[in-house]
Amino acid sequence: SLTIGIVGLPNVGKSTLFNALTKNDVLAANYPFATIEPNVGVVGVPDARLTKLAEIFGSQRILPATVDFVDIAGIVRGASEGEGLGNKFLANIRESDAICQVIRAFKDENVVHVDGKVSPKDDIETINTELILADLQTIEKVLPRLQKEMRIKKDIAPKVAAVEAAQAILEKGDTLFSQGIVQGSEKAEPLHDLHLLTTKPFLYVFNVDEDELTDDAFKAEQSALVAPAEAIFLNAKLEQDLAELDEEDAMELLQSVGAEEPGLATLARVGFATLGLQTYLTAGPKESRAWTIKQGATAPEAAGVIHTDFQKGFIKAEVISFADLVATGSVADARAAGKARMEGKEYVMQDGDVVEFRFNV
Ligand code: GDP
């Protein structure tokens with residue numbers, strides 16, 4: 001499955017956040033015999049629709065979609081120079097499908113900042129600089145060879161042009177992602193085999209003081225620093241406390257700081273979307289479940305996520321939108337009201353589709 005690497009300078013609250021994430025680990029909760037890797041946190045994507053479906057269908061359990069977060073320790077200035085830890089750090093980032101930067105905004109004098117002062121803007125630049133330098137090194141290694149090759153193989157000209165354009169962006173100090181060259185998109189396609197770090201989608205977690213959680217002006221200012229990436233604001237210590245409480249006490253604590261949901265819930269949801277993923281839903285007496293697919297997946301591809309045989313033998317998908325199902329109250333009533341659609345092989349799955357597949361075995 002796809003993973004999000006958590007990176008950040010030392011002492012910004014990564015371990016605190018990661019501890020909170022692993023306390024929420026859905027693998028541990030739902031699959032007691034699963035192997036749990038120490039640096040991976042598997043977090044459920046909160047989805048109130050599943051609770052509603054479980055009510056309608058009398059489901060015994062709810063299985064949300066999940067996101068895998070990987071704790072990538074060890075960014076240091078000079079990581080791109082490839083010394084020891086630096087090399088391992090870059091290799092770990094390369095394996096991630098998205099990069100989540102944790103940025104310190106909290107102002108605790110008892111917690112030392114590596115650069116002596118709390119400055120989100122400077123910290124973001126420090127980390128981005130390491131990633132940009134690493135990408136420039138990758139390009140400098142391959143570009144001369146590509147340029148030489150182009151004299152014989154004219155058809156690689158577009159690729160060479162794309163690599164040169166990427167180099168120019170990086171030399172200006174910008175990440176490729178910030179310029180719309182993002183992994184999986186057509187623009188990034190010619191760069192694919194270079195595995196550049198800054199083509200990965202980024203998201204930012206600002207670890208803020210509690211009073212900043214509701215400070216909209218502050219949040220708008222920080223969000224602007226990282227756009228087009230998403231910014232999430234949370235307090236890592238509070239998240240750790242929340243993870244230890246039962247639901248009712250957690251809600252009370254959240255309300256006391258003026259937050260609507262745990263920061264981890266927001267992080268899971270935004271992280272999921274940043275990976276380019278979406279869900280569709282199935283429901284029955286056994287379970288109500290969200291299944292993970294790529295945005296834009298077709299009905300047979302969606303079926304294949306449940307079982308490869310479902311994809312091979314795909315006939316049709318009976319689709320009811322979640323809203324229609326809730327409005328009518330049951331599958332039978334939705335059918336009677338003409339709200340159940342039979343979709344074929346070309347159908348592109350929509351968010352909130354409640355699905356039953358028909359297939360040949
Ligand atoms: P890491 O080096 O990025 O993994 O940072 P840690 O999670 O180990 O946190 C460094 C220190 O900052 C620890 O003493 C934490 O207790 C403290 N810390 C983490 N998050 C917060 C926060 O939101 N507020 C305050 N005041 N301290 C925090």
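Two exercises with worked solutions follow, on a predicted model.

Residues are numbered from 1 along each chain as its sequence is written. Because the model is predicted, local features need pLDDT of at least 70 and side-chain atom pairs count only at pLDDT 80 or more, while totals for chains, interfaces and linings use all residues.

**Exercise 1.** Describe how helix α5 packs against helix α7.

Solution. Begin with the axes, which are lines fitted to C-alpha atoms over the stretch in contact, with angles from 0 to 180 degrees between N-to-C directions. The axes of α5 (residues 120-150) and α7 (residues 216-226) come within 11 Å and cross at roughly 20°; α5 is therefore roughly parallel to α7, a term for angles under 35 degrees. Next, take the residues in contact, meaning that their C-beta atoms, placed from the backbone, lie within 7 Å: α5 contributes P120, K121 and I124, and α7 contributes Q222, L225 and V226.

**Exercise 2.** Determine whether N11 and H195, each with a positive phi, are buried or exposed.

Solution. First, locate the two residues: N11, with phi near 70°, lies in the loop between β1 (3-7) and α1, whereas H195, with phi of about 50°, lies in the loop between α6 (157-171) and β6 (202-207). Then apply the cut-offs, by which a residue is buried if 20 or more other C-beta atoms, placed from the backbone, lie within 10 Å of its own, exposed if 12 or fewer, and partly exposed in between. N11 has 13 other C-beta atoms within 10 Å and is therefore partly exposed; H195, with 14 such neighbours inside 10 Å, also counts as partly exposed.

Methods: Helix = DSSP H or I, 4+ residues; strand = E, 2+ residues; numbered from the N terminus. Parallel < 35°, antiparallel > 145°, perpendicular 65-115°, else oblique. Contact = placed C-beta atoms within 7 Å.
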